[in-house]
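Grab your viewer and work through a few exercises on this one. Each task comes with a solution you can follow step by step.

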Amino acid sequence: MTKPQFVPDQRARNTPHDRAGYAPYDLAGRFDQQLGDPGRRDLPFSAARLRELDAREEFPEGAVRQLDALRMATYYVPQEHGGALRSYEDLIQLVRVVARRDLTAAIAHTKTYLGSVSTWVGGSPTQQADLGARVAAGTVVAWGLTERGHGSDLLSGGLTATPTADGYRLDGEKWLINNATRGELVCVLARATPEGGARGFSLLLVDKKQLAPGTYMCLPAARTLGIRGADISGISFDGAEIPAAALIGAPGQGVEIVLRSLQITRTLCTALSLGAVDRALRIAVRFGLGHQLYEHRLIDLPQARRTLTETYADLLVMEAVTLIASRGVHTLTEEMSVTSSVAKYLVPSTGDELIRGLGQLLGARSYLSEEFAHGLFPKLERDHQIVGVFDGNTLVNLNALINQFGTLAKGYRAGRTNVDGLARAAELTAGLPEFDPTRLVLTSRTGNSVTASLPDSVDELRKAAESGEVPQSLLALAGAVHRIADETHELMAAHRPTPRDVPAFAFDLAQRYTLCAAAAACLQLWLRNRDSAPRGTSASDELWQNGLWLEACLSRIVTRLRPGVLADAPHNGDAVGGEDALDRLMAPLLSQYETDHMFSLLPFPLSAESVESLEAS
């Protein structure tokens, strides 16, 4: 019998409620329809079945097989290497729809992309073609970077690659590796010289089937708080002989290739958070509509309504940051060391906060493992906590920004932007160039075009306010962000970098920088698309009219910027504003919920869900 396959084209879905869509969202929406109704127990992505597998700490075999059958892995392979990946927007949105159904399955399956990305970035054409064919055919690839006791400190790695007459001999261990046991191939970072250092490590793609018996061993799976069914294990080598052709890039290039590759994978992690928060908010909205408190529906109580609309606004900020970052992979490639760190810090950390807040709205039901919504919420909350740890944890990403404070401050003061690259990243109707991995650099030499555009964006918004296109309250919020961004960059310029003992103040400043960058992304996205953004639904029409979503998002960002290192700065007495915009978000929020759309800035139709899939008893 022929397996069902997802057809990877860019045609719009032929459904009654899908009009004037956005191609990457349409692509992912069609894929979501293929996955079927999560309320049906006979389907692999049954919400109830996945929760039961998680309780038993079993791998979601059926869900992963369905993703294989739909050939999702072809989107892990760039088109030039034989796959379907044309744009990183496509991949991020596909991962997003899988993550909103089950983070364990999404993380387990997409790990193959992480294991392959070093080859796409630093491999030879022959290696890229060979791996592309294997991945497209379903081969599972793991990425072996971390080791027991060394964590994110890659330069402390002890696994060695000793040159031999025919290649290399591997000795040592990689630990807490996703799919280390299930993967056929493992891309490992190995110490190539005894002294190590930045040029003392190499990358090698190891085919476990080619290793002699007894020269490697898969380590037992580690028990984890979340993603309990995932293969989080390790692998040890003892005299494992591998051919010279396994080397990716040049000898000693391993750390550089990994750091460049992480700029892509960190951006990809945002999809996991977007999907998880969409699911959590969907559970909370259904509960709010059905639960009675004080003779009123919960959703009609002011505090509950505000919790839901603030979560929605924060989710839209996360989406705006992701849209600019995913398009910037192609158009602002040289700045990805900044963009990816901003996105990887801001989106997962905000996601954790939002899920916790929705748990407070759900009350005791957020702790029920079976009786409420199939136990999806506590599973989701546990699963999502790992996203912030992947591919460099929170401190690693903030430190990456701290190390670039000087360049970022200079670029902001000078208004230094890649005009064409920024326009193509922000304007959703603009085509994207092919991704060129050779343009990835370890640190940005010019700063960050998105954040540097903030002053000009505020000036442009001022003209829109003067013409009556947007309310003065929106302009006031943008002005507040502008002032705080100016002050933030002044403090960044005054910071003197130190290789060790980085002060806590610098991390606070880096957090604030990510919020300024998020505000700049929101402004650019609205300004470049206010007349051309895909509409066609009442929710998208309302969100874009008069800058509604932008005002709500800036209100949330300004609220977050108030505390902390600039608490005593001038202008902090300005009214935050935006309360009315937050109230008006309830209509599009409910519209997207009722019409089976992703909670999103743009039309994003999904598979219809039966009541049982989110039963809120």
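**Exercise 1.** Find how many salt bridges a search of the whole structure gives, then look at the one formed by Lys174.

*Solution.* This is a predicted model, and the search turns up 37 salt bridges. Lys174 pairs with Glu147, with the closest N and O atoms 2.9 Å apart. Next, place the two partners: Lys174 sits in strand E3 (residues 167-178) and Glu147 in the loop between E1 and strand E2 (160-163), so the pair ties together parts that are 27 residues apart in sequence. Finally, check burial, where the cut-off is under 20% relative accessible area. Lys174 comes in at 1%, so it counts as buried. Glu147 has 8%, so it is buried as well.

**Exercise 2.** Work out which parts of the chain the salt bridge between Glu334 and Arg439 ties together.

*Solution.* Start with the contact: the two side chains meet at 2.8 Å, N to O. Glu334 is in the loop between helix H8 (302-331) and helix H9 (336-362), while Arg439 is in the loop between helix H13 (419-426) and helix H14 (449-452), so the link spans parts 105 residues apart in sequence. Now the accessibility: Glu334 is partly exposed at 31%, and Arg439 is partly exposed at 23%.

**Exercise 3.** Explain how Asp580 and Arg584 are placed in helix H20.

*Solution.* Their closest N and O atoms are 3.0 Å apart, in a salt bridge. Both belong to helix H20 (residues 579-584), and being 4 residues apart there, they are separated by about one helical turn. The general rule behind this is that an α-helix has 3.6 residues a turn, so residues three or four places apart point the same way. Arg584 is partly exposed, at 34%.

**Exercise 4.** Describe the surroundings of strand E4 (residues 185-191).

*Solution.* First, the neighbours. E1 (residues 141-144) runs parallel to E4, joined by 4 bridges; Val141 has Leu185 as its partner. E5 (residues 201-207) pairs with E4 in the antiparallel sense over 7 bridges, and Val188 is matched with Leu204. Then the side chains: Leu185, Cys187, Leu189 and Arg191 point one way, Val186, Val188 and Ala190 the other, and all are buried. That gives 7 of 7 residues buried.

**Exercise 5.** Check the length of helix H17 (residues 504-529) against its expected span.

*Solution.* At 1.5 Å a residue, its 26 residues should span 38 Å. The end C-alpha atoms are 38 Å apart, which agrees. As for burial, 21 of the 26 residues are buried, so H17 is largely enclosed by the rest of the structure.

Definitions and conventions. Residues numbered from 1 in each chain as written. Predicted model: local features only at pLDDT ≥ 70, side-chain atom pairs only at ≥ 80, totals over all residues. Heavy atoms only, no water. Helix = DSSP H or I, 4+ residues; strand = E, 2+ residues; numbered from the N terminus. Expected span 1.5 Å × (residues − 1). Buried < 20%, exposed > 50% of the residue type's maximum accessible area, 1.4 Å probe, protein only. Pairing = 2+ DSSP bridges. Salt bridge = Lys/Arg side-chain N within 4 Å of Asp/Glu carboxyl O.
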